[in-house]
Amino acid sequence: MNKNRRVVRVMGMCMAGMLLAGSMGMNASMEAHAAEFAMKDVAPNAGVGVLMNMTMDEQECLAAAEASISAFAGYTNLGVANVESGNLNVRETPGTDGKLVGKMPKGSACEILETTEDGWAKITSGEVEGYVSMDFLYTGADAKMRALELIRTVAVVNADALKVRDEASMDGAVLTKVPLGEELEVLEVLGEWVKVSIDGDEAYVSAEYVTVEDKLDTAITMSELLYGQGVSDLRVDIAEYAKQFLGNPYVWGGTSLTKGADCSGFVLAVYKHFGISLSHSSRAQAGEGTKITASELQPGDLVFYANSSGTINHVALYIGGGKVIHASSPTTGIKISNYRYRTPVKFVSVLRD
(Lines give C-alpha, C1' and ligand atoms only; values in the text may rest on other atoms or scores of the structure.)
Protein backbone atom coordinates (compact mmCIF):
# COMPACT_ATOMS: atom_id res chain seq x y z
CA MET A 1 0.00 0.00 0.00
CA ASN A 2 1.58 3.31 -0.99
CA LYS A 3 1.31 6.51 1.02
CA ASN A 4 -1.57 8.08 -0.88
CA ARG A 5 -3.63 4.90 -0.83
CA ARG A 6 -3.05 4.68 2.92
CA VAL A 7 -4.23 8.29 3.29
CA VAL A 8 -7.47 7.51 1.48
CA ARG A 9 -7.99 4.35 3.53
CA VAL A 10 -7.41 6.02 6.88
CA MET A 11 -9.46 9.10 6.05
CA GLY A 12 -12.23 6.85 4.80
CA MET A 13 -12.22 4.88 8.02
CA CYS A 14 -12.32 7.97 10.18
CA MET A 15 -14.97 9.81 8.16
CA ALA A 16 -17.11 6.70 8.04
CA GLY A 17 -16.51 6.14 11.74
CA MET A 18 -18.30 9.42 12.38
CA LEU A 19 -21.07 8.59 9.90
CA LEU A 20 -21.57 5.24 11.62
CA ALA A 21 -21.63 6.73 15.10
CA GLY A 22 -25.29 5.95 15.67
CA SER A 23 -25.20 2.33 14.56
CA MET A 24 -21.97 1.62 16.43
CA GLY A 25 -23.02 3.43 19.57
CA MET A 26 -20.25 6.04 19.40
CA ASN A 27 -20.60 9.21 21.40
CA ALA A 28 -19.43 12.70 20.50
CA SER A 29 -16.09 12.09 22.22
CA MET A 30 -15.41 9.07 20.01
CA GLU A 31 -16.32 11.04 16.88
CA ALA A 32 -13.90 13.78 17.86
CA HIS A 33 -11.28 11.14 18.60
CA ALA A 34 -11.69 9.70 15.10
CA ALA A 35 -11.25 13.12 13.51
CA GLU A 36 -8.20 13.83 15.68
CA PHE A 37 -6.68 10.50 14.63
CA ALA A 38 -7.21 11.30 10.96
CA MET A 39 -5.37 14.61 11.19
CA LYS A 40 -2.63 13.35 13.53
CA ASP A 41 -1.83 10.20 11.57
CA VAL A 42 -2.43 11.38 8.02
CA ALA A 43 -1.67 15.10 7.78
CA PRO A 44 2.05 14.92 8.60
CA ASN A 45 2.57 12.33 5.85
CA ALA A 46 0.15 13.48 3.20
CA GLY A 47 0.46 17.25 3.21
CA VAL A 48 -2.41 19.72 3.28
CA GLY A 49 -2.83 19.66 -0.49
CA VAL A 50 -3.57 15.96 -0.61
CA LEU A 51 -6.06 16.20 2.23
CA MET A 52 -7.90 19.20 0.78
CA ASN A 53 -8.20 17.64 -2.66
CA MET A 54 -9.44 14.20 -1.54
CA THR A 55 -13.11 13.52 -2.07
CA MET A 56 -15.07 10.51 -0.83
CA ASP A 57 -18.83 10.32 -0.89
CA GLU A 58 -20.81 8.85 1.98
CA GLN A 59 -21.11 5.40 0.43
CA GLU A 60 -17.37 5.21 -0.20
CA CYS A 61 -16.69 6.22 3.41
CA LEU A 62 -19.11 3.63 4.70
CA ALA A 63 -17.61 0.93 2.52
CA ALA A 64 -14.07 1.82 3.62
CA ALA A 65 -14.99 1.75 7.30
CA GLU A 66 -16.99 -1.46 7.09
CA ALA A 67 -14.21 -3.21 5.17
CA SER A 68 -11.50 -2.00 7.55
CA ILE A 69 -13.31 -2.41 10.86
CA SER A 70 -14.74 -5.83 10.07
CA ALA A 71 -11.56 -7.14 8.45
CA PHE A 72 -8.99 -6.63 11.20
CA ALA A 73 -7.35 -10.00 10.52
CA GLY A 74 -10.78 -11.64 10.50
CA TYR A 75 -11.97 -10.39 13.91
CA THR A 76 -15.73 -10.51 14.34
CA ASN A 77 -15.87 -9.68 18.07
CA LEU A 78 -12.74 -7.61 18.61
CA GLY A 79 -11.08 -7.01 21.95
CA VAL A 80 -8.02 -4.84 22.61
CA ALA A 81 -5.79 -5.02 25.70
CA ASN A 82 -6.36 -1.94 27.88
CA VAL A 83 -3.39 -1.75 30.25
CA GLU A 84 -1.32 1.31 31.12
CA SER A 85 1.93 -0.63 31.04
CA GLY A 86 3.10 -4.21 31.09
CA ASN A 87 0.82 -6.96 29.84
CA LEU A 88 -2.66 -8.38 30.27
CA ASN A 89 -2.42 -11.92 31.68
CA VAL A 90 -4.18 -14.68 29.73
CA ARG A 91 -5.16 -17.57 32.02
CA GLU A 92 -6.18 -21.15 31.44
CA THR A 93 -9.36 -20.73 33.52
CA PRO A 94 -11.36 -17.62 34.50
CA GLY A 95 -9.97 -16.22 37.74
CA THR A 96 -6.73 -14.75 39.06
CA ASP A 97 -5.64 -18.20 40.27
CA GLY A 98 -5.79 -19.66 36.77
CA LYS A 99 -2.54 -20.89 35.21
CA LEU A 100 -0.86 -18.34 32.92
CA VAL A 101 -0.95 -19.42 29.27
CA GLY A 102 0.09 -16.15 27.64
CA LYS A 103 0.33 -12.38 27.87
CA MET A 104 -1.30 -9.64 25.78
CA PRO A 105 0.91 -6.55 25.43
CA LYS A 106 -0.74 -3.14 25.63
CA GLY A 107 -2.86 -2.55 22.52
CA SER A 108 -2.75 -6.13 21.26
CA ALA A 109 -5.91 -7.63 19.82
CA CYS A 110 -7.99 -10.74 20.43
CA GLU A 111 -11.18 -12.43 19.30
CA ILE A 112 -13.71 -12.57 22.14
CA LEU A 113 -15.30 -16.03 22.09
CA GLU A 114 -17.58 -15.68 25.11
CA THR A 115 -17.92 -13.80 28.38
CA THR A 116 -18.71 -14.94 31.92
CA GLU A 117 -21.05 -13.38 34.44
CA ASP A 118 -18.18 -12.57 36.78
CA GLY A 119 -16.30 -10.36 34.32
CA TRP A 120 -14.01 -12.67 32.36
CA ALA A 121 -13.76 -13.14 28.60
CA LYS A 122 -12.62 -16.26 26.81
CA ILE A 123 -10.39 -15.10 23.99
CA THR A 124 -8.06 -16.25 21.27
CA SER A 125 -5.11 -14.12 20.25
CA GLY A 126 -2.37 -15.35 17.95
CA GLU A 127 -1.50 -18.82 19.25
CA VAL A 128 -2.97 -18.15 22.71
CA GLU A 129 -6.42 -19.17 23.93
CA GLY A 130 -7.63 -18.51 27.45
CA TYR A 131 -9.35 -16.02 29.74
CA VAL A 132 -8.70 -12.34 30.45
CA SER A 133 -10.32 -9.90 32.83
CA MET A 134 -12.90 -7.67 31.13
CA ASP A 135 -11.68 -4.84 33.37
CA PHE A 136 -8.60 -4.57 31.13
CA LEU A 137 -10.17 -5.08 27.72
CA TYR A 138 -11.61 -2.62 25.21
CA THR A 139 -14.69 -4.12 23.55
CA GLY A 140 -17.35 -3.09 21.05
CA ALA A 141 -17.03 0.38 19.51
CA ASP A 142 -14.22 1.29 21.91
CA ALA A 143 -12.13 -1.61 20.62
CA LYS A 144 -12.78 -0.68 17.00
CA MET A 145 -11.80 2.93 17.52
CA ARG A 146 -8.68 1.87 19.43
CA ALA A 147 -7.82 -0.54 16.63
CA LEU A 148 -7.94 2.27 14.07
CA GLU A 149 -5.05 3.89 15.92
CA LEU A 150 -3.10 0.68 16.39
CA ILE A 151 -3.36 -1.06 13.04
CA ARG A 152 -0.02 -1.15 11.27
CA THR A 153 1.18 -2.16 7.84
CA VAL A 154 3.83 -4.87 7.74
CA ALA A 155 5.76 -6.78 5.10
CA VAL A 156 5.78 -10.49 5.92
CA VAL A 157 8.89 -12.19 4.54
CA ASN A 158 8.04 -15.15 2.28
CA ALA A 159 11.59 -16.14 1.33
CA ASP A 160 14.60 -17.50 3.17
CA ALA A 161 17.24 -14.93 4.17
CA LEU A 162 15.63 -11.92 2.47
CA LYS A 163 18.22 -9.24 1.73
CA VAL A 164 17.45 -5.81 3.18
CA ARG A 165 19.18 -3.06 1.17
CA ASP A 166 20.08 0.58 1.73
CA GLU A 167 18.40 1.68 -1.52
CA ALA A 168 15.65 0.44 -3.84
CA SER A 169 18.01 -1.31 -6.21
CA MET A 170 19.76 -4.64 -6.57
CA ASP A 171 22.95 -2.58 -6.47
CA GLY A 172 22.11 -1.33 -2.97
CA ALA A 173 24.31 -2.49 -0.13
CA VAL A 174 22.90 -5.35 1.94
CA LEU A 175 22.21 -4.06 5.45
CA THR A 176 21.11 -7.40 6.86
CA LYS A 177 19.17 -10.56 6.04
CA VAL A 178 15.75 -11.36 7.47
CA PRO A 179 14.43 -14.95 7.83
CA LEU A 180 11.19 -16.45 6.54
CA GLY A 181 8.06 -15.34 8.41
CA GLU A 182 9.54 -12.22 10.04
CA GLU A 183 7.66 -8.92 9.79
CA LEU A 184 9.06 -5.55 8.77
CA GLU A 185 7.34 -2.23 9.36
CA VAL A 186 6.22 -0.78 6.01
CA LEU A 187 6.84 2.89 5.33
CA GLU A 188 5.85 2.93 1.66
CA VAL A 189 5.25 0.61 -1.28
CA LEU A 190 7.25 1.68 -4.32
CA GLY A 191 6.24 -0.67 -7.13
CA GLU A 192 8.85 -3.42 -7.18
CA TRP A 193 10.31 -2.31 -3.86
CA VAL A 194 8.96 -1.80 -0.35
CA LYS A 195 10.44 0.86 1.89
CA VAL A 196 10.64 -0.52 5.42
CA SER A 197 11.88 0.39 8.87
CA ILE A 198 14.17 -2.00 10.70
CA ASP A 199 14.98 -0.95 14.24
CA GLY A 200 14.22 2.64 13.23
CA ASP A 201 16.47 2.67 10.14
CA GLU A 202 14.97 3.09 6.65
CA ALA A 203 15.72 0.30 4.19
CA TYR A 204 14.30 -1.49 1.14
CA VAL A 205 13.21 -5.03 0.27
CA SER A 206 12.03 -6.55 -2.99
CA ALA A 207 8.22 -6.61 -3.16
CA GLU A 208 8.46 -10.00 -4.84
CA TYR A 209 9.55 -11.66 -1.61
CA VAL A 210 7.16 -10.09 0.90
CA THR A 211 3.42 -9.94 1.49
CA VAL A 212 2.21 -6.51 2.57
CA GLU A 213 -0.74 -6.59 4.98
CA ASP A 214 -2.40 -4.62 7.75
CA LYS A 215 -2.43 -6.24 11.16
CA LEU A 216 -2.84 -5.80 14.89
CA ASP A 217 -0.45 -7.21 17.48
CA THR A 218 -1.49 -10.35 19.32
CA ALA A 219 -0.64 -12.22 22.52
CA ILE A 220 2.67 -13.82 23.39
CA THR A 221 2.69 -17.49 24.29
CA MET A 222 4.29 -18.55 27.53
CA SER A 223 6.60 -20.83 25.54
CA GLU A 224 8.10 -17.67 24.04
CA LEU A 225 9.01 -16.57 27.55
CA LEU A 226 10.53 -19.82 28.87
CA TYR A 227 14.18 -20.54 29.61
CA GLY A 228 16.56 -23.37 28.94
CA GLN A 229 17.77 -25.80 31.58
CA GLY A 230 20.64 -24.98 33.91
CA VAL A 231 20.19 -21.21 33.78
CA SER A 232 21.37 -19.29 36.86
CA ASP A 233 18.93 -17.42 39.05
CA LEU A 234 20.59 -14.12 38.12
CA ARG A 235 20.06 -14.74 34.42
CA VAL A 236 16.42 -15.69 34.98
CA ASP A 237 15.91 -12.60 37.13
CA ILE A 238 17.43 -10.32 34.47
CA ALA A 239 15.27 -11.74 31.70
CA GLU A 240 12.11 -11.66 33.84
CA TYR A 241 12.82 -8.10 34.89
CA ALA A 242 13.37 -6.98 31.27
CA LYS A 243 10.08 -8.52 30.12
CA GLN A 244 8.12 -6.37 32.57
CA PHE A 245 8.71 -3.43 30.24
CA LEU A 246 7.46 -5.07 27.06
CA GLY A 247 5.45 -2.55 25.04
CA ASN A 248 6.94 0.53 26.71
CA PRO A 249 8.13 3.36 24.43
CA TYR A 250 11.32 3.77 22.45
CA VAL A 251 13.00 7.16 22.98
CA TRP A 252 16.27 8.07 21.26
CA GLY A 253 18.92 8.65 23.93
CA GLY A 254 16.56 7.50 26.68
CA THR A 255 17.38 5.21 29.58
CA SER A 256 13.99 5.03 31.31
CA LEU A 257 12.36 1.60 31.32
CA THR A 258 8.95 3.20 31.74
CA LYS A 259 9.13 6.57 29.98
CA GLY A 260 11.36 5.49 27.10
CA ALA A 261 14.76 4.11 26.15
CA ASP A 262 16.76 3.39 23.01
CA CYS A 263 18.32 -0.01 22.39
CA SER A 264 21.49 0.47 24.43
CA GLY A 265 19.66 2.57 27.03
CA PHE A 266 17.22 -0.29 27.59
CA VAL A 267 20.01 -2.83 28.13
CA LEU A 268 21.92 -0.34 30.31
CA ALA A 269 18.89 0.27 32.53
CA VAL A 270 18.06 -3.42 32.93
CA TYR A 271 21.62 -4.26 33.97
CA LYS A 272 21.83 -1.20 36.24
CA HIS A 273 18.95 -2.64 38.27
CA PHE A 274 21.24 -5.57 39.09
CA GLY A 275 24.26 -3.40 39.92
CA ILE A 276 26.03 -3.94 36.59
CA SER A 277 27.34 -0.86 34.73
CA LEU A 278 27.35 -0.63 30.93
CA SER A 279 28.04 2.17 28.45
CA HIS A 280 25.18 3.92 26.68
CA SER A 281 26.22 2.83 23.20
CA SER A 282 25.66 -0.45 21.39
CA ARG A 283 29.15 -0.28 19.88
CA ALA A 284 30.73 0.25 23.30
CA GLN A 285 28.63 -2.49 24.90
CA ALA A 286 29.85 -4.93 22.24
CA GLY A 287 33.32 -4.58 23.77
CA GLU A 288 32.21 -4.99 27.37
CA GLY A 289 32.25 -8.60 28.44
CA THR A 290 33.28 -11.86 26.80
CA LYS A 291 32.61 -12.72 23.18
CA ILE A 292 30.64 -15.98 22.85
CA THR A 293 29.09 -18.05 20.07
CA ALA A 294 25.41 -18.40 19.21
CA SER A 295 25.40 -21.92 20.65
CA GLU A 296 26.59 -20.52 24.01
CA LEU A 297 23.81 -17.95 24.33
CA GLN A 298 21.97 -17.90 27.65
CA PRO A 299 19.31 -15.54 29.03
CA GLY A 300 20.93 -12.25 29.98
CA ASP A 301 23.51 -12.30 27.18
CA LEU A 302 23.66 -9.55 24.55
CA VAL A 303 23.09 -9.90 20.81
CA PHE A 304 24.44 -7.26 18.43
CA TYR A 305 23.50 -6.21 14.90
CA ALA A 306 25.29 -4.02 12.36
CA ASN A 307 24.76 -1.86 9.28
CA SER A 308 26.06 -2.60 5.76
CA SER A 309 29.55 -1.36 6.63
CA GLY A 310 29.76 -3.73 9.57
CA THR A 311 29.39 -1.03 12.22
CA ILE A 312 27.36 -2.23 15.20
CA ASN A 313 24.22 -0.12 15.54
CA HIS A 314 21.76 -2.18 17.60
CA VAL A 315 21.74 -4.38 20.69
CA ALA A 316 19.18 -6.78 22.16
CA LEU A 317 18.94 -8.83 25.35
CA TYR A 318 18.65 -12.59 24.93
CA ILE A 319 15.84 -14.09 27.02
CA GLY A 320 16.02 -17.75 26.02
CA GLY A 321 14.07 -19.89 23.60
CA GLY A 322 15.69 -18.21 20.62
CA LYS A 323 14.15 -14.85 21.58
CA VAL A 324 15.48 -11.38 22.39
CA ILE A 325 13.83 -8.36 23.94
CA HIS A 326 14.91 -4.96 22.66
CA ALA A 327 13.94 -1.31 22.25
CA SER A 328 13.39 -1.54 18.51
CA SER A 329 11.95 1.70 17.12
CA PRO A 330 9.58 4.59 17.96
CA THR A 331 6.77 2.68 16.27
CA THR A 332 7.12 -0.67 18.00
CA GLY A 333 8.78 0.31 21.28
CA ILE A 334 10.16 -2.49 23.45
CA LYS A 335 9.36 -5.80 21.80
CA ILE A 336 10.28 -9.48 21.67
CA SER A 337 11.74 -10.91 18.46
CA ASN A 338 13.44 -14.02 17.18
CA TYR A 339 17.14 -13.38 17.79
CA ARG A 340 17.72 -13.93 14.06
CA TYR A 341 15.01 -11.46 13.01
CA ARG A 342 17.97 -9.80 11.28
CA THR A 343 21.51 -11.09 10.95
CA PRO A 344 23.36 -10.94 14.30
CA VAL A 345 27.05 -10.08 14.09
CA LYS A 346 28.26 -10.59 17.65
CA PHE A 347 27.24 -12.26 20.93
CA VAL A 348 28.58 -11.08 24.28
CA SER A 349 28.22 -12.23 27.88
CA VAL A 350 28.78 -9.63 30.57
CA LEU A 351 27.78 -11.98 33.38
CA ARG A 352 30.26 -14.03 35.36
CA ASP A 353 28.52 -17.19 36.48
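Is C110 buried or exposed, and what is its relative accessible area? C110 is buried, with a relative accessible area of 0%; buried denotes under 20% relative accessible area, exposed over 50% and partly exposed the range in between, computed with a 1.4 Å probe on protein chains only. This is a predicted model, in which local features need pLDDT of at least 70 and side-chain atom pairs count only at pLDDT 80 or more, while totals for chains, interfaces and linings use all residues. Residues are numbered from 1 along each chain as its sequence is written, and side-chain values use heavy atoms, with hydrogens and water left out.

**Overall architecture**

- The protein contains 9 helices and 23 strands, where helices (H or I, at least four residues) and strands (E, at least two) are DSSP runs numbered from the N terminus.
- Of the 353 residues in the protein, 48% are buried.
- Contacts (heavy atoms within 4.5 Å) have been divided by sequence separation: among those between residues at least 6 apart in sequence, 60% join residues at least 24 apart.

**Aromatic pairs**

- The model has 5 aromatic pairs, defined for rings of Phe, Tyr and Trp (its six-membered ring) whose centres lie within 6.5 Å; planes under 30 degrees apart count as stacked, over 60 as edge-to-face and the rest as tilted.
- One of these pairs joins Y241 and F245 in an edge-to-face arrangement, at 5.0 Å centre to centre and with 75° between the planes.
- Y241 also pairs edge-to-face with F274, at 5.6 Å centre to centre and with 90° between the planes.
- The pair of Y241 and F274 links distant parts of the chain, 33 residues apart: Y241 belongs to helix α7 (residues 233–243), whereas F274 lies in the loop between α8 (263–272) and α9 (282–285).
- Ring pairs thus connect Y241, F245 and F274 into a cluster.
- Within this cluster, Y241 is buried at 16% relative accessible area and F245 is buried at 10%, whereas F274 is partly exposed at 26%.

**Packing of α7 against α8**

- Helices α7 and α8 pack at an angle of about 125°, with their axes 10 Å apart; axes are lines fitted to C-alpha atoms, for helices over the stretch in contact, and angles run from 0 to 180 degrees between N-to-C directions.
- The arrangement of α7 relative to α8 is therefore oblique, since angles under 35 degrees count as roughly parallel, over 145 as roughly antiparallel, 65 to 115 as roughly perpendicular and the rest as oblique.
- The contact involves I238, Y241 and A242 of α7 together with F266, V270 and Y271 of α8.
- Y241 thus takes part in the helix contact and in the ring cluster.

**Cysteines**

- The count of disulfides is 0, a disulfide being a pair of cysteine sulfur atoms within 2.5 Å.
- C263 is buried, with a relative accessible area of 9%.

**Positive phi outside glycine**

- A161 has a phi near 50°, a positive value in a residue other than glycine.
- A161 is placed in the loop between β8 (152–157) and β9 (162–165) and is partly exposed, with a relative accessible area of 44%.
- D199 has a phi near 55°, likewise a positive value in a residue other than glycine.
- D199 lies in the loop between β12 (193–198) and β13 (201–206) and is buried, with a relative accessible area of 11%.
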